[in-house]
Amino acid sequence: MEPKTLLVIEDEVAILRFLRSSLEQSGWKVLEAKTGRIGLSLATDNKPDVILLDLGLPDMDGFAVLKALRQWSSVPVIIISARGQEYDKVRGLNIGADDYLTKPFGIPELTARLQVALRHAEHGAQDASPIYKHTGLKVDLATRRVWLRKNEIRLSPLQYGVLAVLVKHAGRVVLHGQLMKEAWGENRDVTPETIRIVVHQLRHKIEPDPVRPRSLKTEAGVGYILEASEGDS
């Protein structure tokens, strides 16, 4: 059998060495990233089977890495952190982590949790590509960058958040309530009119002709749909 790939996003060299030497003996292929951005890039290019994610990274908080990852990937993520407070554990699990392991930990416990994560992943849905393309529009969910006909365009965090949700569900209608929940969060006071305004702004940035949109379309009274990706062809 092909060895399973484990991506470790951790900046402490001693921990990286410890994990690599221990887990490679158990048959894992171990990839290392010492920053969040490198970790996201490796996750995009290598499609690991499981990710171990530290929270205290030098370039960005581990929670931000997890949020970015969950915009396009359902790969199992186990947080490994010295932060043992209940608040951090609950926050990590709510954002999308599959498990939370407090440092220091032993290899037997980690190996057991990795096996559980693999079993859960076998029953999950397969990830879509983090690259979306349609009629000149290109969205890279891994790097959070957007282009229209090879020209990079700038979106506000809210505009990008709405677009990312639509890309994640490309080819399917996203209901107003679903868009509110995924882009704004469950506890935010958002109305359909607020969504309409953001979609209007988006169309003026991502559509060659906002009046006759080719990518981002409205399902009257229901929600919005981003046309399915054309792939890499």
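## Close-up views of a predicted model

**View 1. Lys168 lies in helix 6.** The model shown here is predicted. Lys168 is partly exposed, because its relative accessible area is 39%, and the partly exposed range runs between 20% and 50%. Setting aside neighbours within four places in sequence, Lys168 contacts three named residues: Arg70, Gln71 and Glu182. Thr191 sits 23 residues from Lys168 along the chain. The C-alpha atoms of Lys168 and Thr191 are separated by 21 Å.

**View 2. Strands 6, 7, 8 and 9 form an open sheet.** The 4 strands stand in the order 6-7-8-9, and their pairing is antiparallel. Which strands stand at the edges? They are strand 6 and strand 9 (151–153). Each has a single partner strand, so one side of each is left without a neighbour in the sheet. From one strand to the next, the twist averages 20 degrees. Helix 6 packs on this sheet and touches strand 6, strand 7 and strand 8. The direction of helix 6 makes about 95 degrees with that of strand 7.

**View 3. Strand 6 and strand 7 form a hairpin.** Strand 6 covers residues 131–134, and strand 7 covers residues 137–140. The two pair in the antiparallel sense over 4 bridges. Look for Tyr132: its bridge partner in strand 7 is Val139. The hairpin has 2 residues between the strands. Thr135 takes a positive phi near 45 degrees.

**View 4. Strand 7 and strand 8 form a hairpin with 4 residues between them.** Strand 8 spans residues 145–148 and runs antiparallel to strand 7. Again, 4 bridges join the pair. Asp140 has Arg145 of strand 8 as its bridge partner. Leu137 has Leu148 of strand 8 as its bridge partner. In the turn, Arg144 has a positive phi of about 60 degrees.

**View 5. Ile51 and Leu163 touch the most other members of the largest nonpolar core.** In soluble globular proteins, nonpolar side chains tend to be buried together. The largest such core here has 52 residues. Which helix gives the most to this core? Helix 6 (residues 157–168) does, with 7 residues. Now follow Leu163. Neighbours within four places in sequence aside, Leu163 is in contact with Val139, Val146, Leu155, Leu202, Ile206 and Leu226. Val139 is also the bridge partner of Tyr132. A second, separate core has 19 residues. Val8, Leu16, Ile80 and Leu118 are among them.

**View 6. Helix 7 and helix 8 are roughly perpendicular to each other.** Two packed helices are described by the angle between their axes and the distance between the axes. Helix 7 covers residues 176–184, and helix 8 covers residues 192–206. Their axes come within 10 Å and cross at roughly 75 degrees. Angles of 65 to 115 degrees count as roughly perpendicular, so helix 7 and helix 8 earn that description. Which residues of helix 7 make the contact? They are His176, Leu179, Met180 and Trp184. Helix 8 supplies Pro192, Thr194, Ile195 and Val198. By class, this contact has 6 nonpolar residues and 2 polar residues. No charged residues take part.

Key: Residues numbered from 1 in each chain as written. Predicted model: local features only at pLDDT ≥ 70, side-chain atom pairs only at ≥ 80, totals over all residues. Heavy atoms only, no water. Axes fitted to C-alpha atoms, helices over the stretch in contact; angles between N-to-C directions. Parallel < 35°, antiparallel > 145°, perpendicular 65-115°, else oblique. Contact = heavy atoms within 4.5 Å. Nonpolar A, V, L, I, M, F, W, Y, C, P; charged D, E, K, R; others polar. Core = buried A, V, L, I, M, F, W, Y, C linked by side-chain atoms within 4.5 Å. Buried < 20%, exposed > 50% of the residue type's maximum accessible area, 1.4 Å probe, protein only. Pairing = 2+ DSSP bridges.
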